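Trainee: Please show me how helix packing is read in a model of this kind.

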Amino acid sequence: MKRYDLTDFEWSVIEPLLLNKPRGVPRVDDRRVLNGIMWVLRSGAPWRDLPERYGPYTTCYNRFNRWRKKGIWDRLMDAIVEAYDGDIQMIDSSSVRVHQHAAGSKRGVRIVAWVVPEAD
């Protein structure tokens, strides 16, 4: 198993929730595509940099977007949280603040830190 791949336990929770479309062209391996999506989301790399072992980046990108619009990701993440009995935390950019120096503040702005001495 590679660094960002789903564990067997996580896959056993997710697999029954996946759409099963029996008609048309058979889908590529769901686990491989999901591992590719997780690789991009966890690494922060662009879709085009997806390693070849996960298949074409367009397949992962398209499936990610289709499932986002249908709300499937919410169901999958809720199932994983429930399977871990709440012992897992997920963080997104809405709850993480960037340090002021990385946020593009104006150049030449002086930051002053005040040190308050501890009371004896």
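**Confidence and helix packing**

Mentor: Among the elements of the protein chain, H3 has the highest mean pLDDT, 93, and H4 the lowest, 85; pLDDT is the predictor's confidence in each residue, from 0 to 100. This is a predicted model, in which local features need pLDDT of at least 70 and side-chain atom pairs pLDDT 80 or more, while totals for chains, interfaces and linings use all residues. Residues are numbered from 1 along each chain as its sequence is written, and side-chain values use heavy atoms, without hydrogens and water.

Trainee: What pLDDT does the protein chain average?

Mentor: The average is 77, and 69% of the residues score at least 70.

Trainee: At what angle do H3 and H4 pack?

Mentor: Two packed helices are described by the angle between their axes and the distance between the axes. Helix H3 (residues 57–70) and helix H4 (residues 72–83) pack at about 85 degrees, their axes 5 Å apart; angles run from 0 to 180 degrees between N-to-C directions. H3 and H4 are therefore roughly perpendicular (65 to 115 degrees).

Trainee: Which residues of H3 and H4 meet?

Mentor: Phe64, Trp67, Arg68 and Lys70 of H3 meet Ile72, Trp73 and Leu76 of H4, contact being heavy atoms within 4.5 Å. By class, this contact has five nonpolar, two charged and no polar residues (Asp, Glu, Lys and Arg are charged; Ala, Val, Leu, Ile, Met, Phe, Trp, Tyr, Cys and Pro nonpolar; the others, Gly among them, polar).

Trainee: How do H2 and H3 pack?

Mentor: Helix H2 (residues 30–43) packs with H3 at about 85 degrees, with axes 9 Å apart, and H2 and H3 are therefore roughly perpendicular to each other. Asp30, Val33, Leu34, Gly36, Ile37 and Leu41 of H2 make the contact with Thr59, Cys60, Arg63, Phe64 and Trp67 of H3. Seven nonpolar, two polar and two charged residues take part.

Notes
Helices (H or I, at least four residues) and strands (E, at least two) are DSSP runs, numbered from the N terminus. Angles under 35 degrees count as roughly parallel, over 145 as roughly antiparallel, 65 to 115 as roughly perpendicular and the rest as oblique.
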